[in-house]
Amino acid sequence: MAKENFNWKSLFINEEPNKADEPVKPAAPILSNTDNKFPTQPTDSFPGNAVTNPFLNEIFEVYNKGFESLNVEGFDFFELYKSVMAVGVTNPQSYQMAFTMGKTIKADLNKEFLLEKSGFYISEIEKVYAKYDTVGKTKKAELDSNITKEKHNLSKSISELEAKIIELQKELESKKVELQKVDPKNMEQLSEIQLKMEANDLAKQKLLNSINTVITGINQYL
């Protein structure tokens with residue numbers, strides 16, 4: 001198969017396509033020669049309760065496509081991996097069948113070559129993981145910082161408003177007290193005015209009565 005440029009979609013942000021990476025020297029195999037036991041869980045399962053993560057399948061697909069983009073022409077670990085996964089990862093015969101098929105394509109195929117190439121794929125996957133782990137942590141840190149600032153600003157505004165409310169409550173209570181004092185404070189003056197108005201009525205009436213009495217006398221006696 002023709003080698004494709006390693007170009008995985010960004011998991012967190014949209015990025016411009018990068019130029020093809022420089023050829024990478026295959027890393028030393030990570031798999032131990034003494035580790036011949038099969039996994040206790042199927043390889044297509046996710047650890048713990050990770051399956052509840054709604055983004056897991058989507059991001060795993062990104063990794064899977066990236067893994068496939070690393071494949072080169074000929075038979076190496078990638079073809080054996082695909083064959084074993086299709087037949088049965090815990091079936092010893094699937095490894096023998098895939099290895100035999102590989103020998104028909106690459107006559108000098110051996111275990112050491114397969115493990116060496118597995119190290120290359122693992123190394124490339126780790127590089128991509130490190131890149132997007134850094135991107136994710138950076139974006140998380142930025143968001144955490146923005147959240148902290150927003151919460152600080154809102155808390156400050158709330159404190160200022162609470163202080164204003166307390167001040168307004170004090171002013172409200174003060175106005176209520178003043179309201180209660182309005183009548184008693186003005187009662188004496190109000191009473192005095194009321195009495196003076198009554199006296200004004202009586203004085204006028206008394207004077208007019210005496211004048212009218214004289215007028216009546218004039219009319220009767222003159």
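In this predicted model, Lys82 and Glu68 form a salt bridge in which the closest N and O atoms are 3.0 Å apart. Because Lys82 belongs to helix 2 and Glu68 to helix 1 (residues 56-69), the pair ties together parts that are 14 residues apart in sequence. A search of the whole structure finds seven salt bridges, and aromatic ring pairs likewise come to seven.

**Salt bridges**

- Both partners of the bridge between the two helices are partly exposed, since Lys82 has a relative accessibility of 30% and Glu68 has a relative accessible area of 36%.
- Lys106 and Asp108 also meet through their side chains in a salt bridge, at 3.2 Å from N to O; Lys106 is partly exposed, with a relative accessible area of 22%, whereas Asp108 is exposed at 52%.
- In a further salt bridge, Lys196 joins Glu192, with the closest N and O atoms 3.0 Å apart, and these two residues, four apart in helix 4, are separated by about one helical turn.
- Of this last pair, Lys196 counts as exposed at 54% relative accessibility, while Glu192 counts as partly exposed at 40%.

**Aromatic rings**

- Ring pairs link Phe67, Phe77, Phe78, Tyr81, Phe120 and Tyr121 into a cluster.
- Within helix 2 (residues 77-87), Phe77 and Tyr81 lie four residues apart, about one turn of the helix; their ring centres are 6.1 Å apart and their planes stand at 35 degrees, so the pair is tilted.
- Phe77 also pairs with Tyr121, the ring centres being 6.0 Å apart and the planes at 40 degrees, so this pair too is tilted.
- Because Phe77 lies in helix 2 and Tyr121 in helix 4 (residues 111-221), their pair ties together parts that are 44 residues apart in sequence.
- The two partners of Phe77 described here differ in exposure, as Tyr121 is buried with a relative accessible area of 2%, whereas Tyr81 is partly exposed with a relative accessible area of 27%.

**Lysines over ring faces**

- Lys106, the salt-bridge partner of Asp108, also lies over the face of Phe113, at 4.7 Å from the ring centre.
- Lys117 lies over the face of Phe120, at 4.7 Å from the ring centre, and Phe120 is one of the residues in the aromatic cluster.

**Nonpolar surface**

- Leu207, Leu208, Ile211 and Ile215 make a nonpolar surface patch of about 340 Å².
- Among these residues, Ile211 lies in helix 4 and counts as partly exposed, at 40% relative accessibility.

Definitions and conventions:
Residues numbered from 1 in each chain as written. Predicted model: local features only at pLDDT ≥ 70, side-chain atom pairs only at ≥ 80, totals over all residues. Heavy atoms only, no water. Phe/Tyr/Trp six-rings, centres within 6.5 Å; stacked < 30°, edge-to-face > 60°. Buried < 20%, exposed > 50% of the residue type's maximum accessible area, 1.4 Å probe, protein only. Lys NZ or Arg CZ within 6 Å of the ring centre and 35° of its normal. Patch = residues over 30% accessible without salt bridge, like charges linked within 9 Å, V, L, I, M, F, W, Y side chains within 5 Å. Areas by Shrake-Rupley, 256 points an atom, 1.4 Å probe, with all protein chains shown as cover. Salt bridge = Lys/Arg side-chain N within 4 Å of Asp/Glu carboxyl O.
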